[in-house]
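User: Could we go through a pocket and some charge pairs in this model?

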Amino acid sequence: MHPQITVLDTGGQYTHLIARRVRELGVFADVQPSDTPAADLATRKGIIISGGPASVCAPGSPDIDPKMLALGTPVLGICYGHQLLAKHLGGRVLKGERGEYGIAHLNVTCQDALWNGVEHSQIWMSHFDTVASVPAGFRVTGSTEISGVAAMSDPGRKLFGIQFHPEVVHTHAGMRILENFVFDICGASKDWDISRRVPAVEEQIRAVARDRNIFFFVSGGVDSTVAYTLCLRALGPDRVYGIYVDTGLMRKGETELVRSIFQELGATHFLVDSAEDEFLAALDGLQDPEQKRCAIGEEFVRVQERILMTEHFLDGHWVLGQGTIYPDTIESGGTAKADLIKTHHNRVAGVQALIDSGRIIEPLTPFYKDEVREIGRELGISTKFLSRHPFPGPGLAIRCLCSEVEAQVTETPNGFLLPLRSVGVQGDARSYRNVLCLARNPALEDIRNIATALINSSPDINRVVALCGSNWPLASMRSFESSITKKRLDLLREADAIVRSFCTETGFEEQVWQFPVVLLPIGTNEARESIVLRPINSLDGMTADVVLMEQQMLQQLTTRLLQTREIAAVLYDLTSKPPGTIEWE
Ligand code: XMP
């Protein structure tokens, strides 16, 4: 399918969002590198130059082929793109002094085709440099309190620049502005409806795969399952293989569930590789969280290398499929562990060779999570599966805490100090600190409200939990020297299954984005383990709020968990992210 609008990518995190917004208007748009030759853009109805983090004043910053500005094709420069227009056409761009970030208000200073139906309204700004004077032939069409040239245009040459981001929801008239550009200025016609998205992706898969087959290391997560299904539809079940590595670190029933889902999807080449023994051996005796993660990453590499050899996936007849989605491809400012785990996979020499030689298909890279879910629904994957909570790659290993020492729980003026370290995010670094446990009076809500203050005022803790119930007094408990064993994993699997079925029964699962259940080696000689409940709400995992469970419900759940002989106490994590992380290590 031929794009009517092309978005030139200058490295901005919203580039794909711009293309998505144009497609939402019913016009097919694609994304191309910023320096695409003008000749390749000649057939477009319009070109949008995206925003980007660089400075147009810096040498070597992303650029465009300036000949495209003389094609007669309408061009809209957004943010960095706006500054590039000014720079190429003889305006002046100044290095900013204080920048303008977040919400601002647009003053429409001059009527313009872009402003049809747009008045003084809220916009979203994120820039440091500014256009100080417009090129000859241009006029200023909008300003803000800080930016004299928030928008400019040369209607004769159909060139438009806006300093703000019309593609984000915080720019209230953003869609109207894009609509004015795409239809009134470019004269594009509707040629895209959402129902053509899937066939278009399938066409692309066939074009990349040619006569080769595709294999996936599937995780049972939403992204790899949807990507796999698209390939299955594009090439048929005989040409698409899915390999699921059972690490032994999965939740109860997970392997069976994944198997049945792939069966339902019509996969005939779905292999389960049972690698539990290998992973448990790699983890044997390890207690340090970073060492555990590393051992798992390395084991993934070994297992994948073994599979690549035994299945002959490197013989030139295969392309690697991956469920990478758009946010995975951008740099994220916080903890990009999803990327990190993918780096582990990418480090597999064979996988790297496939990537280096272009033998890779990632059909979901243009899409955001909500679009992936929509596509999944269109493909007939059940809503229940598509709304699964995220689950970390290293699995239950990072929820099964280990201890190098045996130490007593100690009472402090603020509460009980648990002799265990969990991870948090304080500043840029991950910090391992102790956990403070408060008795459950006052109420959970009150503890949650003071948790951050307690953490900020005590340098030795980064997490606050409340005691929901225990079979022994907290003061009599201690930590036990422990590492990952099948027995401990089975106990955690059982507790996690109890929590999950309780949440399904009560509907609590709908209130949470993720609900880690964590096993701590803290208890008494009779029952050496405790369980932490960590229900949180989040948009993208970068920040998180604690979700509180109603008192009576929590009591019921606690009672159920405490019926398990090995469990000494049930705790509720009341730490938001930051300063805590969602997972405990
Ligand atoms: P944190 O614990 O950093 O987690 O607040 C944020 C999100 O990332 C998930 N997570 C991981 N996912 N491999 C993954 O694939 C990992 O090593 C990993 N560690 C954390 C976590 O479950 C949460 O959704």
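Analyst: The discussion below covers a pocket and then salt bridges in a predicted model.

User: What is the volume of the second largest pocket?

Analyst: The volume of the second largest pocket is about 640 Å³. Its lining comprises 25 residues, and those nearest the centre are Phe28, Ala200, Val201, Gln204 and Pro366.

User: Which element gives the most to the lining of that second largest pocket?

Analyst: Helix α5 does, with 7 residues. By class, the lining holds 16 nonpolar, 4 polar and 5 charged residues.

User: And where does the second largest pocket lie with respect to domain 1 and domain 2?

Analyst: The second largest pocket lies between them, because domain 1 (5-185) and domain 2 (194-393) both give residues to its lining.

User: Changing topic: how many salt bridges are there?

Analyst: The count comes to 28 salt bridges. One of them pairs Arg388 with Glu254, with the closest N and O atoms 2.7 Å apart. Arg388 lies in the loop between α14 and β17 and Glu254 in helix α7, so this pair ties together parts 134 residues apart in sequence.

User: Is Glu254 buried or exposed?

Analyst: Glu254 is buried, at 7% relative accessibility, whereas Arg388 is partly exposed at 21%.

User: What about Glu24 and Arg21?

Analyst: Their side chains form a salt bridge at 3.2 Å, N to O. Both residues lie in helix α1, 3 residues apart, which is about one turn of the helix. Glu24 is partly exposed, with a relative accessible area of 40%, while Arg21 is buried at 13%.

Methods
Residues numbered from 1 in each chain as written. Predicted model: local features only at pLDDT ≥ 70, side-chain atom pairs only at ≥ 80, totals over all residues. Heavy atoms only, no water. 1 Å grid on protein atoms, 1.4 Å probe; cavity = no way out; pocket = protein on both sides within 12 Å on 5 of 7 lines; lining within 4 Å. Points joined across faces, edges and corners; volume = space filled by probe spheres on them. Helix = DSSP H or I, 4+ residues; strand = E, 2+ residues; numbered from the N terminus. Nonpolar A, V, L, I, M, F, W, Y, C, P; charged D, E, K, R; others polar. Domains from an automatic or database assignment. Salt bridge = Lys/Arg side-chain N within 4 Å of Asp/Glu carboxyl O. Buried < 20%, exposed > 50% of the residue type's maximum accessible area, 1.4 Å probe, protein only.
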